[in-house]
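Biologist: I should like to go through this structure with you step by step. Please show it first.

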Amino acid sequence: MRFYDEMHLESGAVRDHYGAFARWLSRQTDETMRRKRAEADLMFRRVGITFSVNGDESGGERLIPFDQIPRIVPADAWRTLEAGLRQRVRALNLFLHDVYHRGDIVRAGIVPAAQVYANAQYRPEMQHVDVPRDIRAHIAGVDLVRAGDDGAFYVLEDNLRVPSGVSYMLENRKMMMRLFPDLFVHNRIAPVAHYPDLLLETLRASAPDGVDNPVVVVMTPGMYNSAYFEHTFLAQQMGVELVEGKDLFVDGGHVYMRTTHGPKRVDVIYRRLDDDFLDPLAFRSDSALGVPGLLDVYRAGRVAIANAIGTGIADDKSIYPFVPDMIEFYLGEQPILNNVPTYQCRKPDDLAYTLANLPDLVVKEVHGAGGYGMLVGPAATKAEIDAFRARLAAQPDNYIAQPTLALSTCPTFVEAGIAPRHIDLRPFVLSGRTVKMVAGGLTRVALKAGSLVVNSSQGGGTKDTWVAG
């Protein structure tokens, strides 16, 4: 299988947008690169940037694996990506508003009713509930991959519940500027440091009507959550309070936080926990993480929640195949960014094809995330394929299948030196008064040779992402 090389042409020549960096890299020794990696590890340890690895029996946190060779995207390619991302997120927000109101797309027969209203992520409590500007997915992390000889970009999935990873994007850039300041003198690289300002602007724009100076908080499940560093980081960068459910309470139809100066009304909650745990009176009664009565205040329009309750339906993998149809239905446009071809295993013909071709396909749980609950056929053993075949046959509605993509590669500094490793890209799209994003995103890299799984929870790492001027 041939892979698109981000840095080199098939002839071996360096692509134009990597030219200056390649000349710099040729002057670096392995010893220098190893020393810089050690410096990065030390600084990340001091800052406390850690992550959890699936299957780590110790249950401990590890340093985020960071690679000091950036992924560079030329400006013209980024302009196309940005236009496609804006288009896609606009359509997803229109879809969310529609299915919680009139349901036109369902009545038109474009998206099956069962895929919406019987979906585990659908929240009937949100039916006919209006939210400011009809925006429900304020923060979206859209996963992109490049594949094929031409390196075309494809959307792999949409993350609209509690998308994470933006703190790594920001810290990776800060790290590169500390390690190699000369690179930023001699290369025109689009900035990303203003993301927290854009995020705060987006959150403030989602405040309930009539609130001129909204109080914004970041709501975390607590310090034992694997993304707790990001929660604290974003609260600090925005200059807002980081709270847990126990710090908030409902009184007189409003939400308040406890402070040393007494209760303070809260207008916008950037929540970093799933719907089920937000309100024990409405969802999981055993949740100790939420705020009793929060849903009633939210439904009454007296507090905003980002992302909105019920947004998970639009990032469910069973809904993903319909996003191009949403773009045409709501916007009257052709999709700028294509989906990966997808087999919906709830369909008999698609299931039959998937079962017959498991060794060549990637099969995913429709509600899964983080690389869990999936089969990568070409990397699986016969026993793993047989076991997955049984699960798939028993519950076909729970799965989709896709061809194994030849993910693009980027030079990466590993133990043996510089070698190609597979990557993806997660830009972060903010929807408030307008749709905004910084030029860049989180590039994740599969550090194991030949691996196509880039998730940090599965042993992947990250790179700084440069949009070249």
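Biologist: Is Arg102 buried or exposed?

Modeller: This is a predicted model, in which local features need pLDDT of at least 70, side-chain atom pairs count only at pLDDT 80 or more, and totals for chains, interfaces and linings use all residues. Residues are numbered from 1 along each chain as its sequence is written, and side-chain values use heavy atoms, with hydrogens and water left out. Buried means under 20% relative accessible area, exposed over 50%, and partly exposed in between (1.4 Å probe, protein chains only). Arg102 has 60% relative accessibility, so Arg102 counts as exposed.

Biologist: With which residue does Arg102 form a salt bridge?

Modeller: A salt bridge is a side-chain nitrogen of Lys or Arg within 4 Å of a carboxyl oxygen of Asp or Glu. The closest N and O atoms of the pair are 3.1 Å apart, and the partner of Arg102 is Asp104.

Biologist: How many salt bridges does the structure hold, and which residue meets Arg37 in one?

Modeller: The structure holds 24 salt bridges. Arg37 lies in helix H2 (residues 30-47), and its partner is 378 residues away, in the loop between strand S18 (409-414) and strand S19 (417-426); helices (H or I, at least four residues) and strands (E, at least two) are DSSP runs, numbered from the N terminus. Arg37 counts as buried at 18% relative accessibility, whereas the partner counts as exposed at 60%. The two side chains meet at 3.1 Å, N to O, and the partner is Glu415.

Biologist: What separates Glu171 and Lys174 along helix H6?

Modeller: These two residues form a salt bridge, with the closest N and O atoms 3.1 Å apart. Glu171 is buried, with a relative accessible area of 2%, while Lys174 is partly exposed at 33%. Because they are three residues apart in helix H6 (residues 166-179), the separation is about one helical turn.

Biologist: Why are the buried residues of helix H12 on the same side?

Modeller: In H12 (residues 348-356), the residues Asp350, Leu351 and Thr354 are buried. The arc is that of the directions from the helix axis to the C-beta atoms. They lie on the same side of H12 because they cover an arc of only 100 degrees.

Biologist: Which exposed residues does the face of H12 turned away from its buried side carry?

Modeller: The buried residues of H12 pack against strand S14 (343-344), strand S15 (361-365), helix H13 (382-394) and strand S17 (399-403), where contact means heavy atoms within 4.5 Å. The face turned away from them carries Pro348, Asp349 and Ala356.

Biologist: Which element gives the largest share of the largest nonpolar core?

Modeller: A nonpolar core is a set of buried Ala, Val, Leu, Ile, Met, Phe, Trp, Tyr and Cys residues joined through side-chain atoms within 4.5 Å. The largest has 70 residues, and Phe95 is one of those with the most contacts inside it. Ten residues, the largest share, come from helix H3.

Biologist: How are the rings of Tyr195 and Phe428 arranged?

Modeller: Rings of Phe, Tyr and Trp (its six-membered ring) pair if their centres lie within 6.5 Å; planes under 30 degrees apart count as stacked, over 60 as edge-to-face and the rest as tilted. By this rule there are 14 aromatic pairs. Tyr195 and Phe428 are both buried. Their rings lie 6.4 Å apart, centre to centre, with 65 degrees between the planes, and the pair is edge-to-face.
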